[in-house]
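Biologist: I should like a close look at a single residue of this chain and at the parts that surround it. Please start with that residue, and then show how the rest of the chain is built.

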Amino acid sequence: EQQYYVRVSEQLRHKGRAIQKFDYERLALQEFPQLFKVKCINHSFALDAHVYKNDFPYAPGYIILAVIPDLNKLKAGNSFEPKVPVSIIEKIETYIRKRTSPFVRFRAMNPRYEKINFCLRVNLLPGKDENYYKEQLKEDLRELLAPWAVGKYDKLTFGQCVYRSDIIRFLEHTDYVDFITDFRMGKE
């Protein structure tokens, strides 16, 4: 019953038309239940991050809708970078284009995931097996940075920041790391 009132109020707000960011997001989520989260980004070309350092600051009329799949309904090939299939993205584009102004240049796309490289050295507590805990540390760091890969789907968000201090705090609170001797972190 609660969801019914939410859907009715959203429908009364956007009236089936995509005008504001909220409208694009709610229309996509309502029509495509296999989506978990969407993020509308206006005035963006979504240029290739490997080719261009920055996107153009203003691109009037261009709207990007980044979509993340619901991993309970769609299984991703790479669980660390969940992506929606191209067929669903095309359906989203067709559906939204029918509900927006003809002057809007709309595009739906999968989000870009940034890879982070770590170079670290740690000393283990006495009596801990080096080979086993090396792999355990890799798995724990993967779980920290991508909790959705191990089933915690609610932690999947847009624009997540990874701070060096958070990683260090995590390493210090494990039950097998004694101290950190070297820690470097960077993007690919």
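**A buried aspartate and its setting**

Modeller: D140 is found in helix 4, in a model that is predicted. Is D140 buried or exposed? D140 counts as buried because its relative accessibility is 16%, and the cut-off for burial is under 20%. The side chain of D140 has a polar partner, the side chain of Y176, at a distance of 2.5 Å. If residues up to four places away in sequence are set aside, D140 touches F170 and Y176.

Helix 4 spans residues 130-145, and A146 is found in the loop between this helix and helix 5, which spans 164-172. A146 counts as buried because its relative accessibility is 5%. Its C-alpha atom lies 6.2 Å from that of F80, although the two residues are 66 apart in sequence. A contact between distant parts of the sequence is a theme of the whole chain: of the contacts with a separation of 6 or more, 61% join residues 24 or more positions apart.

It is useful to see the whole chain before going further. Its secondary structure comes to five helices and five strands. Read along the sequence, these elements follow the pattern α-α-β-β-α-β-β-α-α-β. Of the 188 residues, 29% count as buried.

How far may the coordinates be trusted? The mean pLDDT of the chain is 83, and 90% of the residues reach 70 or more. Among the elements, helix 1 (residues 2-14) has the lowest mean pLDDT, 71, whereas helix 3 (residues 86-97) has the highest, 94. Where pLDDT is low, the predicted coordinates should not be read in detail.

We may now turn to the sheet. Three strands form an open sheet in the order 1-2-3, and their pairing is mixed. Strand 1 and strand 3 are the edge strands, since each of them pairs on one side only. From one strand to the next, the twist averages 20°. Strand 2 and strand 3 run in the parallel sense and are joined over five bridges. A66 stands opposite M109 of strand 3.

Two helices pack on this sheet. Helix 2 touches strand 1, strand 2 and strand 3, and its direction makes about 155° with that of strand 1. Helix 3 also touches strand 1, strand 2 and strand 3, and its direction makes about 150° with that of strand 3.

One residue from each of these helices can be examined in turn. D23 lies in helix 2. D23 is buried because its relative accessible area is 4%. A polar atom of the D23 side chain lies 2.9 Å from the backbone nitrogen of Q20. K91 is found in helix 3. K91 is exposed because its relative accessible area is 53%, and the cut-off for exposure is over 50%. The C-alpha atoms of K91 and A108 are 9.4 Å apart, and the two residues are separated by 17 positions along the chain.

What fills the interior? The largest nonpolar core has 20 residues, and those with the most contacts inside it are Y24, L35, L65, V67, I92, I96 and F106. The elements giving two or more residues to this core are helix 2 (21-31), strand 1 (35-42), strand 2 (62-69), helix 3 and strand 3 (105-109). Helix 3 gives the largest share, five residues. L35 offers a view of this core from a single residue: beyond four places in sequence, L35 touches A28, L29, V67, I68, P69, D70, V84 and I92. Apart from this core lies another, of eight residues, among them L137, I167, V177 and F183.

To return to the request, D140 is a buried residue of helix 4, and its side chain makes a polar contact with that of Y176.

Conventions. Residues numbered from 1 in each chain as written. Predicted model: local features only at pLDDT ≥ 70, side-chain atom pairs only at ≥ 80, totals over all residues. Heavy atoms only, no water. pLDDT = per-residue confidence, 0-100. Helix = DSSP H or I, 4+ residues; strand = E, 2+ residues; numbered from the N terminus. Core = buried A, V, L, I, M, F, W, Y, C linked by side-chain atoms within 4.5 Å. Buried < 20%, exposed > 50% of the residue type's maximum accessible area, 1.4 Å probe, protein only. Contact = heavy atoms within 4.5 Å. Pairing = 2+ DSSP bridges. Axes fitted to C-alpha atoms, helices over the stretch in contact; angles between N-to-C directions. Polar contact = N/O pair within 3.5 Å; in protein donor to acceptor, adjacent residues only side chain to side chain.
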